[in-house]
Amino acid sequence: MSEGTALAIPPVEQAAILLLTLGEADAAEVLKHMGPKEVQRVGAAMSKLSNIEQEQVHGVMGNFMEQVRTLTGLGVGADNYIRNMLVSALGEDKAHGLIDRILLGGNTTGLDTLKWMEPRSVADIIRNEHPQIQAIVIAYLDSDQAAEIMGYFSDNVRLDIMMRVSSLDTVQPSALQELNDILEKQFAGNAGSQTTTMGGYKCAAEIVNNLDSSVAGELLEAIKEMDEETGTQIQDLMFVFDNLRDVDDRGIQALLREVSSELLIVALKGAESDLQEKIFSNMSSRAAELLRDDLEAKGPVKLSEVEGAQKEILIIARRMADAGEIILGGSGEQML
């Protein structure tokens with residue numbers, strides 16, 4: 001397999017193939033240094049791999065070794081090696097947090113432990129805490145996990161939390177220390193002397209994007225009623241599946257290379273015809289014809305499955321936008 005062909009394999013699948021070639025013990029050592037989202041993504045990719053051709057393995061390993069050869073040597077330029085390897089394996093956004101933990105010596109707070117917990121458990125932990133503490137937790141966690149946690153609160157609590165998340169900018173060490181104090185002793189850590197940037201309109205928009213459609217719509221309307229400017233700011237930063245029609249053709253083509261055909265079929269079952277046509281027009285005629293046939297053969301699909309598939313694609317799109325690979329355009333009023 002040539003280098004160009006190997007690069008066509010999505011980064012997370014390259015990481016999965018690489019780990020499978022290492023063997024159980026070595027792969028486990030690598031996974032120990034990953035965060036929950038990285039482990040989940042790579043683990044899922046590993047479980048889906050089947051009938052891997054030897055040529056594919058050689059291609060992925062060749063790309064990996066090519067990166068190693070471009071570096072200054074063992075022990076020299078190690079930071080760049082770590083960054084390049086993880087970005088190649090996990091993608092820019094997923095690798096970023098892991099890079100910080102490795103290169104900054106793993107100085108993280110007890111908040112990181114919450115990322116490994118079930119959303120219901122996190123909700124139970126913060127349920128009786130001050131709303132500002134709840135907002136700090138919600139703002140700190142990944143938007144999809146934060147959205148699940150919000151699902152365990154009442155409408156009034158959700159509204160209060162989202163208003164506070166929207167107004168967050170930096171958090172003082174004392175606030176982080178207070179939060180650590182409410183966690184179990186083994187989760188506690190030193191908050192340090194620097195303020196931490198978190199929250200804000202963008203954070204709020206990402207959380208609302210990940211809520212169920214009915215909950216998201218009601219929450220956004222409630223935010224607008226309480227503070228129209230805040231609601232508008234959040235809405236303007238939201239990006240929903242229909243907004244993919246505003247992405248240029250090059251961006252759509254790049255996105256399609258990262259999305260499996262199975263996921264795309266389910267997502268397009270709930271898409272407007274003009275968006276479907278935009279997708280078809282950015283594929284080869286043969287691929288577009290096969291996709292049309294698969295859509296017709298798929299039959300009815302539950303709305304929850306369609307929304308779930310669309311959200312997965314949006315997560316990929318946002319990751320690529322954060323990495324500068326595509327440009328997302330437009331804002332949406334209709335939520336998944």
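This tour moves through a predicted model in a series of selections, from the whole chain to single residues and an enclosed space.

**The whole protein**

Begin with the entire chain in a cartoon view. The secondary structure consists of 21 helices and two strands. Of the 336 residues, 41% count as buried. A surface view shows about 17,700 Å² of exposed area, of which carbon and sulfur atoms supply 48%. Among contacts between residues at least 6 apart in sequence, 74% join residues at least 24 apart.

**The largest nonpolar core**

Next, select Val165 and Ile207. Among the 34 residues of the largest nonpolar core, these two touch the most other members. Helices that each supply at least two residues of this core are α9 (119-126), α10 (131-140), α11 (143-150), α12 (155-167), α14 (201-210) and α15 (213-226). Keep Ile207 selected and display its surroundings. Leaving out residues up to four places away in sequence, Ile207 touches Ile138, Ser143, Ala146, Ala147, Met150, Met162 and Val165.

One of these partners, Ala147, is the next selection. Ala147 belongs to helix α11. Is Ala147 buried or exposed? Its relative accessibility is 5%, so Ala147 counts as buried, the cut-off for burial being under 20%. Beyond its neighbours within four places in sequence, Ala147 is in contact with Ile207, Asn210 and Leu211. A distance drawn from the C-alpha atom of Ala147 to that of Ala204 reads 9.8 Å, although the two residues are 57 apart along the chain.

**Isoleucine 234**

Move from Ala204 to Ile234. The C-alpha atoms of these two residues are 6.5 Å apart, and 30 residues separate them in sequence. Ile234 lies in helix α16, which covers residues 228-237. Because its relative accessibility is 0%, Ile234 counts as buried. Which residues does Ile234 touch, not counting those up to four places away in sequence? They are Ser166, Tyr201, Ala204, Ala205, Val208, Leu220 and Ile223.

**Helix α17 and its partners**

Now select residues 249-256, which form helix α17. Its buried residues are Gly251, Ile252, Ala254, Leu255 and Leu256. These buried residues pack against three helices that may be coloured separately: α18 (261-268), α19 (273-281) and α21 (303-322).

**An enclosed cavity**

Leu255 and Leu256 lead on to an enclosed space, the second largest cavity, which they help to line. Two cavities of 30 Å³ or more are counted in the model, and the second largest has a volume of about 30 Å³. To display its lining, add Phe241, Leu244, Val259, Leu264, Ile279 and Ile313 to the two leucines already chosen. How many residues of this lining are nonpolar, polar or charged? Eight are nonpolar, and there are no polar and no charged residues among them.

**Valine 306**

Finally, select Val306, which is found in helix α21. Val306 is buried, because its relative accessible area is 5%. Its contacts, leaving aside neighbours within four places in sequence, are Val266, Ala267, Lys269, Gly270 and Val301. For Val266, the C-alpha to C-alpha distance from Val306 is 5.5 Å, with their positions 40 residues apart in sequence.

Conventions:
Residues numbered from 1 in each chain as written. Predicted model: local features only at pLDDT ≥ 70, side-chain atom pairs only at ≥ 80, totals over all residues. Heavy atoms only, no water. Buried < 20%, exposed > 50% of the residue type's maximum accessible area, 1.4 Å probe, protein only. Helix = DSSP H or I, 4+ residues; strand = E, 2+ residues; numbered from the N terminus. Contact = heavy atoms within 4.5 Å. 1 Å grid on protein atoms, 1.4 Å probe; cavity = no way out; pocket = protein on both sides within 12 Å on 5 of 7 lines; lining within 4 Å. Points joined across faces, edges and corners; volume = space filled by probe spheres on them. Nonpolar A, V, L, I, M, F, W, Y, C, P; charged D, E, K, R; others polar. Areas by Shrake-Rupley, 256 points an atom, 1.4 Å probe, with all protein chains shown as cover. Core = buried A, V, L, I, M, F, W, Y, C linked by side-chain atoms within 4.5 Å.
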